Amino acid sequence: MSGMQYTRLGRTGLTVSRLCLGCMTYGVPERGAHPWTLPEDQSRPLIRLAVERGINFFDTANSYSDGTSEEIVGRALRDFARRDEIVVATKVRFGARRAPNIGGLSRKTIFEEIDGSLRRLGMDHVDLYQIHRWDPDTPIEETMEALHDVVKAGKARYLGASSMHAWQFAKANEVARRHGWTPFISMQPELSLLYREEEREMLPLCQDQGVGVIPWSPLARGRLARPWGAHTPRVETDVFGASLFKHTEANDSMVHAALAQVAAARGAPLAAVALAWLLQKPGVTAPIIGASKPVHFDDALAALEITLTADEIAALQAPYLPHAVVGFS
C-alpha cells in the first residue's frame with residue numbers, strides 16, 4: 001500500500017497531506033442542492049479511512065448540504081483524528097437561502113458565517129478560512145479587513161480564496177498588504193486535464209507569490225476516473241458540474257482517450273494517472289479529491305507513486321484545446 005506524502009501550504013509553516021479530502025460528498029441528501037451526498041452513517045467510515053490513510057487536510061463549506069457537511073465532518077474528525085494534527089478548511093460566500101444579508105462577503109455576513117461554521121464543526125477555530133468566490137457587491141477592502149479580524153480573533157489561522165480572475169486575487173492580496181491585514185496564502189482553482197485555463201494567469205501568479213494551490217474537481221467531476229460516457233447518480237443531478245463541461249465534450253473525449261492510453265500502458269487506474277499529472281505540476285500543493293467509495297482512496301494514493309515521463313505528460317496534454325473560462329460564479 002502506498003504511503004501519504006506531506007508538504008507545506010505555500011510559504012507557510014502549515015503541513016498538509018498531498019491529497020486533500022473534499023467533503024462536499026458528505027451531507028444530508030435532502031438538504032441543499034446535492035441529492036447525491038452520503039448521509040452520516042455512510043460518510044463516517046470514509047472520513048475515518050481518510051485519516052487512517054494519512055490524509056490530514058479536509059475541505060468543506062458553509063453551503064454544502066445546507067451546513068450539514070460541516071456537522072458530519074466535525075463530528076467524525078472529533079472521533080477519528082487529533083485536532084492539533086489536522087488542517088480543517090471551510091468557506092464563506094454562498095447563503096443557505098435568498099434573503100437580504102444572506103450570502104456575500106460583507107463584514108456582517110463574514111462575522112455571522114464564521115460563527116455558524118464553528119458551531120456546526122464543533123471547533124473553536126478553522127485552520128483555513130476561504131472565500132468561495134469573489135463578491136462584486138462588496139468592496140474588497142471591507143472583505144479583507146473583516147477576514148483579518150476573524151484571524152485576529154483566533155477563529156481562523158490562515159486565509160484562502162477560490163476561483164476568480166487572477167487580477168482579482170492579486171488586488172485582494174495587495175489591499176491586505178497595504179493595510180497590514182492578513183493576506184490569502186492559498187488558492188483553490190478548478191484544474192484538471194479537462195480544464196487547464198488557470199495555467200494562463202492564476203498558476204504563474206501563485207507560483208511567483210508562493211501561494212499554495214489546492215485544485216478542485218481534479219478528476220473533472222469523476223469524468224477522468226471512469227470510462228468515457230459512463231453515468232452516475234451524481235452526473236444525473238449535478239447541475240453545476242454539468243455547466244462546467246457542456247460546451248467541450250468533443251474535445252474532452254479526446255483528452256480522455258489520451259488518458260486511457262497512458263493508463264493502460266502503465267496498468268494504472270485512470271484516476272491515478274490524472275491525479276499524478278496534477279501532482280507533478282509546479283506549484284500544486286494538494287488536489288481536492290472526492291471519495292464516496294474506499295477504492296477512491298486507493299486510486300488517489302496510487303497517484304503519489306507515479307512519476308510521469310515527459311513523453312507521457314506531452315501525450316496527456318496534446319489533445320487539449322483552450323476554451324471559455326467557467327466556474328467563477
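This dialogue walks through a strand, a serine and two hollow spaces in a predicted model.

Reader: Let's start with strand β5. Is it buried or exposed?

Author: Buried means under 20% relative accessible area. Strand β5 covers residues 87-92, and six of its six residues are buried.

Reader: Which residues lie on each side of β5?

Author: Val 87, Ala 89 and Lys 91 are on one side. Val 88, Thr 90 and Val 92 are on the other. Both faces are covered.

Reader: How does β5 pair with strand β4?

Author: Look at sense and bridges. Strand β4, residues 57-59, pairs with β5 in the parallel sense. Three bridges link the two. In one pairing, Asp 59 has Ala 89 of β5 as its bridge partner.

Reader: And how many bridges join β5 to strand β6?

Author: Four bridges join them, and the two strands run parallel. Strand β6 spans residues 126-131. Find Val 92, then look opposite for Ile 131 in β6.

Reader: What do the helices add to these strands?

Author: Follow the chain from strand to helix to strand. β4, helix α2 (residues 68-80) and β5 make a right-handed β-α-β unit. Now carry on from β5. With helix α3 (residues 107-121) and β6, β5 makes a right-handed β-α-β unit.

Reader: Where is Ser 69?

Author: Ser 69 sits in helix α2.

Reader: Why does Ser 69 count as buried?

Author: Compare its value with the cut-off. Buried means under 20% relative accessible area. Ser 69 has a relative accessible area of 0%, so it is buried.

Reader: What does the side chain of Ser 69 reach?

Author: The side chain of Ser 69 reaches the backbone oxygen of Tyr 26 at 3.2 Å. A polar contact of 2.8 Å also joins the side chains of Ser 69 and Thr 60.

Reader: Now the spaces. What lines the second largest pocket?

Author: For a pocket, read the volume, then the lining. This pocket holds about 230 Å³ of space. Its lining is Arg 93, Phe 94, Gly 95, Arg 97, Arg 98, Ala 99, Ile 102 and Gly 103. By class, that gives three nonpolar, two polar and three charged residues.

Reader: How many cavities of 30 Å³ or more are there?

Author: A cavity is a space where a 1.4 Å probe fits but cannot get out. The count is two cavities of 30 Å³ or more. The second largest has about 30 Å³ of space.

Reader: Which residues line that second largest cavity?

Author: Leu 105, Ile 131, Trp 134, Asp 135, Thr 138, Ile 140 and Thr 143 do. Four are nonpolar, two polar and one charged. You have met Ile 131 already: it stands opposite Val 92.

Definitions and conventions:
Residues are numbered from 1 along each chain as its sequence is written. This is a predicted model: local features need pLDDT of at least 70, side-chain atom pairs count only at pLDDT 80 or more; totals for chains, interfaces and linings use all residues. Side-chain values use heavy atoms; hydrogens and water are left out. Buried means under 20% relative accessible area, exposed over 50%, partly exposed in between (1.4 Å probe, protein chains only). Two strands pair if DSSP finds at least two bridges between them. A crossover is right-handed if, with the strands pointing away from the viewer, the path from the first strand over the helix to the second runs clockwise. On a 1 Å grid over the protein atoms alone, a cavity is a set of points where a 1.4 Å probe fits but cannot get out, and a pocket is an open set with protein on both sides within 12 Å along at least five of seven lines; lining residues have an atom within 4 Å of a point. Grid points are joined across faces, edges and corners, and a volume is the space filled by probe spheres set on the points. Ala, Val, Leu, Ile, Met, Phe, Trp, Tyr, Cys and Pro count as nonpolar, Asp, Glu, Lys and Arg as charged, and the others, Gly among them, as polar. A polar contact is a pair of N or O atoms within 3.5 Å; within protein, one must be able to donate a hydrogen and the other to accept it, and residues adjacent in sequence count only if both atoms are side-chain atoms.
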